[in-house]
Amino acid sequence: MRHRLSLAALTAYVWIAMVAFGGIAVETIVIYPNVFHDVPASLAESVEFFAVSGPADFFPPMGAVTVIASVATLILAWPIRDTRLWAGGSLLSLLLGEFLFSVLYFWPRNDIMFEQGAAVHSVEVLRQTAFEFETGHWGRLGMSAVTATLAFAGLWRLLRAGALARDDV
């Protein structure tokens, strides 16, 4: 029974992690070139465009769901060492490489570009901040890929452990 719960939780977590990675990829490749093409004017246009819904409406709840799913997976899969290591690595990647990195690196830059903007900062500061944001975002995309890949490897190990257990019977 625990194996089935672990399998269900890990399958859900892999799906969520892959959707999150896809969202970050779309943001990086499709949205951000438009947001940062002509700073500071493009930042002001982006604020107007994202007035109804934007990345800030999707990623915080998605991040919370991803963390909850990862923790649940780790708890349920704890008895299976191989799965535990991969799921634990995925959670660590998620917390350090995505959440903590976002809080410490991106949130202050978001405030500079989208909250304070040209009313507080010079064009040069906004351009430099936008460059830093875009450059750092490739790192966040990479960490999201690592998170999803580690979760998938954990799922693979769990499926393998289940298959090996059935072969022993």
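How many helices and how many strands make up the secondary structure of the protein? In the predicted model, the secondary structure comprises five helices and zero strands. Read from the N terminus, the order of elements is accordingly written α-α-α-α-α. The C-alpha trace spans about 70 × 25 × 20 Å along its principal axes.

Of the 169 residues in the protein, 37% are buried. Among contacts with a separation of 6 or more, 78% are accounted for by residues 24 or more positions apart. The protein exposes a surface of about 9600 Å², and carbon and sulfur atoms supply 70% of this area.

One nonpolar patch on the surface covers about 700 Å². The residues that form this patch are Leu92, Leu95, Leu96, Phe99, Leu100, Leu104 and Trp107. Of these, Trp107 is located in helix H4, which comprises residues 81–116. The relative accessible area of Trp107 is 46%; because buried denotes a value under 20% and exposed a value over 50%, Trp107 is classed as partly exposed. This value is also compatible with membership of the patch, since patches are made of residues with over 30% relative accessible area, and Trp107 has 46%.

With regard to electrostatics, the protein carries 10 positive and 14 negative charges. The mean position of the positive charges lies 20 Å apart from that of the negative charges.

Conventions. Residues numbered from 1 in each chain as written. Predicted model: local features only at pLDDT ≥ 70, side-chain atom pairs only at ≥ 80, totals over all residues. Heavy atoms only, no water. Patch = residues over 30% accessible without salt bridge, like charges linked within 9 Å, V, L, I, M, F, W, Y side chains within 5 Å. Areas by Shrake-Rupley, 256 points an atom, 1.4 Å probe, with all protein chains shown as cover. Salt bridge = Lys/Arg side-chain N within 4 Å of Asp/Glu carboxyl O. Helix = DSSP H or I, 4+ residues; strand = E, 2+ residues; numbered from the N terminus. Buried < 20%, exposed > 50% of the residue type's maximum accessible area, 1.4 Å probe, protein only. Contact = heavy atoms within 4.5 Å. Lys, Arg positive; Asp, Glu negative; His and termini not counted. Charge placed at Lys NZ, Arg CZ, Asp CG, Glu CD.
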